[in-house]
Amino acid sequence: MSCLFCEIAKGNIPSTKVYEDELVYAFRDIAPQGPVHVLIIPRKHIESAQALTAADDALLCHMFACARQIAESEGVAKTGYRLITNVGDDAGQSVHHLHLHLIGGKTLKWDN
Ligand code: AMP
């Protein structure tokens with residue numbers, strides 16, 4: 001099964017890298033919703049937050065640690081930012097590989 005974000009994490013599809021380590025890859029969203037919009041993904045293919053298991057506890061904790069570090073390096077740690085993960089159709093999940101959206105750099109509205 002071909003997965004867009006698996007291919008991006010492997011470097012087979014180009015992306016603008018923000019951060020990487022052995023467990024996580026982070027890159028700029030192609031259609032940014034703010035001055036800062038970074039996607040943080042596990043290298044391991046996980047469909048969504050709904051597919052997480054207890055075996056992924058440490059990975060998820062690590063993804064949040066990476067988010068904090070990226071917020072610092074992107075200059076939004078003090079001004080604030082939003083961390084979002086869409087799950088399934090009603091949330092508008094379009095890529096079925098778990099990802100955190102880190103969005104900031106402006107005052108964000110909550111319309112819905
Ligand atoms: P979601 O709708 O929550 O599944 O988020 C998927 C995100 O991936 C959207 O914000 C897209 O703009 C973004 N996206 C899709 N393709 C790419 C790509 N090739 N490079 C960077 N971001 C992408």
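Among pocket-lining residues, Ala, Val, Leu, Ile, Met, Phe, Trp, Tyr, Cys and Pro are counted as nonpolar, Asp, Glu, Lys and Arg as charged, and the others, Gly among them, as polar. With these classes in hand, the lining of the largest pocket in this predicted model divides into six nonpolar, five polar and five charged residues. The volume of this pocket is about 400 Å³. Its lining comprises 16 residues, of which Arg 82, Ile 84, Ile 103, Lys 109 and Trp 110 are the closest to the centre. Two elements, strand S4 (81–84) and S5, give two or more residues to this lining, and S4 gives the most, with three.

The second largest pocket has a volume of about 300 Å³. It is lined by 20 residues, and those closest to its centre are Phe 5, Asp 29, Ile 30, Leu 39 and Val 95. Helix H1 (4–10) and S2 are the elements that supply two or more lining residues, with the largest share, three residues, coming from H1. By class, this lining holds ten nonpolar, eight polar and two charged residues.

Turning to the interior, the largest nonpolar core has 17 residues, and Tyr 19, Val 24, Ala 26, Val 38, Ile 40, Ile 70 and Leu 102 touch the most other members. Strands S2 (24–28), S3 (36–42) and S5 (100–104) and helix H2 (57–73) each contribute at least two residues to this core, and H2 gives the most, with six. Apart from this core lies another, of ten residues, including Phe 5, Ile 8, Phe 27 and Leu 39. Beyond its neighbours up to four places away in sequence, Val 38 touches residues including Val 18, Ala 26, Phe 27, Ile 70 and Leu 102.

Technical notes: Residues numbered from 1 in each chain as written. Predicted model: local features only at pLDDT ≥ 70, side-chain atom pairs only at ≥ 80, totals over all residues. Heavy atoms only, no water. Core = buried A, V, L, I, M, F, W, Y, C linked by side-chain atoms within 4.5 Å. Buried < 20%, exposed > 50% of the residue type's maximum accessible area, 1.4 Å probe, protein only. Helix = DSSP H or I, 4+ residues; strand = E, 2+ residues; numbered from the N terminus. Contact = heavy atoms within 4.5 Å. 1 Å grid on protein atoms, 1.4 Å probe; cavity = no way out; pocket = protein on both sides within 12 Å on 5 of 7 lines; lining within 4 Å. Points joined across faces, edges and corners; volume = space filled by probe spheres on them.
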